[in-house]
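Me: I have a structure open here and would like to talk it through with you. Could we go over it together, one question at a time?

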Amino acid sequence: MSSENTTDPVTDAESLADPPASAVDQTTTVTGETIIESESLDVWYGETQALQDVTFAIPERQVTALIGPSGCGKSTFLRSVNRMNDQIDSCRIEGDLRFRGKNIYDDDVDPVALRRTIGMVFQEPNPFPKSIYDNVAYGLRVQGKADDVDVDAKVEESLRRAALWDEVNDQLDSSGLALSGGQQQRLCIARAIAPDPEVILMDEPASALDPVATSKIEDLIEDLAQDYTVVIVTHNMQQAARISDKTAVFLTGGELVEFDDTGKIFENPEHQRVEDYITGKFG
């Protein structure tokens, strides 16, 4: 991430207007104000189509889970939301993907600045080879915010929000790489939230963790949704049922088959293919 670009992800006040509701799938009832909205989104890697005609709206300050079998496009959608697919030469995107009504693929949107507003936590914990303190302060410094905020206070606040402060407050100068896997993942979450993003994307953040660490991550996600929009990719359907407000079900070929309240998806899905997937008949 460049430290020189300090432009905002949205370029004018008009872009902050509430997004239209017309792109919401007719089968979807969105209970929160829409913050991310895709309309007829298609994504290709070379000649392979990874997403096809994806249309749905993600509500603000809720947890939205993306579930489905491997290779169905869940992570592709997530990476499209903060334009990480820009780094793949063979990737081609068509359709609209909007953040607060602004198409994030418009020419006047700076992808580096966008990622400051839409943070990401990856499947494998990836702390920097720096101290715990410097890991959390990194985003503030890179974005030029270190002179505008109390960095010490912000580091503590972020570690507290990531449920890690009590475990590491006496070792902030120690390497983040020395922490356990679960602690490293919470450190990465603290690093992601320190610059105050609006959205946190999580790509299977607990898949490499033991059950105890996974439970802490799940509790943390529920807490974070009070102030952030969380979009999580997970292969663990029980996890999606436990922590998410909305669930999107992607199936083979990059098709979004159903998106609705999580309770309805798991208890009374509209599509037989979704029921078959949830009950383990395929996938």
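**Cores, helices and backbone**

Reply: Happy to! Keep in mind that this is a predicted model. The buried residues of helix 1 make a good start: they are K74, T76, F77, L78, S80 and V81.

Me: Thanks! Is helix 1 largely enclosed or open, and why?

Reply: Buried here means under 20% relative accessible area. In helix 1, which spans residues 74-81, 6 of the 8 residues are buried. Helix 1 is therefore, with respect to the rest of the structure, largely enclosed.

Me: Which residue follows helix 1, and what is the sign of its phi?

Reply: Most residues other than glycine have a negative phi. The residue that follows helix 1 has a phi near 60°. The residue is R83, and the sign of its phi is positive.

Me: Is S40 buried, partly exposed or exposed?

Reply: S40 sits in strand 1, residues 34-45, and its phi is positive, near 50°. Its relative accessibility is 34%. The partly exposed class lies between 20% and 50%, so S40 counts as partly exposed.

Me: And what about E204, is that residue buried or exposed?

Reply: E204 lies in the loop between strand 7 (199-203) and helix 7 (211-224). Its phi is also a positive value, near 50°. With a relative accessible area of 13%, E204 is buried.

Me: How are helix 6 and helix 7 oriented to each other, roughly parallel or roughly antiparallel?

Reply: Helix 6 covers residues 181-193 and packs with helix 7 at an angle of about 20°, the axes being 9 Å apart. Angles under 35 degrees count as roughly parallel. The two helices, helix 6 and helix 7, are therefore roughly parallel.

Me: What is the make-up, by class, of the contact of helix 6 with helix 7?

Reply: The crossing of these two helices, helix 6 and helix 7, is right-handed. Helix 6 brings G182, Q185, R186, I189 and I193 to the contact, while helix 7 brings A213, K216, I217, L220 and L224. By class, that gives 6 nonpolar, 2 polar and 2 charged residues.

Me: How many residues are in the largest nonpolar core?

Reply: The residues with the most contacts inside this core are L159, I189, M202, I221 and L224. Leaving aside residues up to four places away in sequence, L159 touches I132, V136, L164, W165, V168, L172, L187 and A190. A second, separate core has 29 residues, including L41, L51, L201 and L256. As for the largest nonpolar core, the number of residues is 47.

Notes
Residues numbered from 1 in each chain as written. Predicted model: local features only at pLDDT ≥ 70, side-chain atom pairs only at ≥ 80, totals over all residues. Heavy atoms only, no water. Core = buried A, V, L, I, M, F, W, Y, C linked by side-chain atoms within 4.5 Å. Buried < 20%, exposed > 50% of the residue type's maximum accessible area, 1.4 Å probe, protein only. Contact = heavy atoms within 4.5 Å. Helix = DSSP H or I, 4+ residues; strand = E, 2+ residues; numbered from the N terminus. Axes fitted to C-alpha atoms, helices over the stretch in contact; angles between N-to-C directions. Parallel < 35°, antiparallel > 145°, perpendicular 65-115°, else oblique. Left-handed = near helix turned anticlockwise from the far one by under 90°. Nonpolar A, V, L, I, M, F, W, Y, C, P; charged D, E, K, R; others polar.
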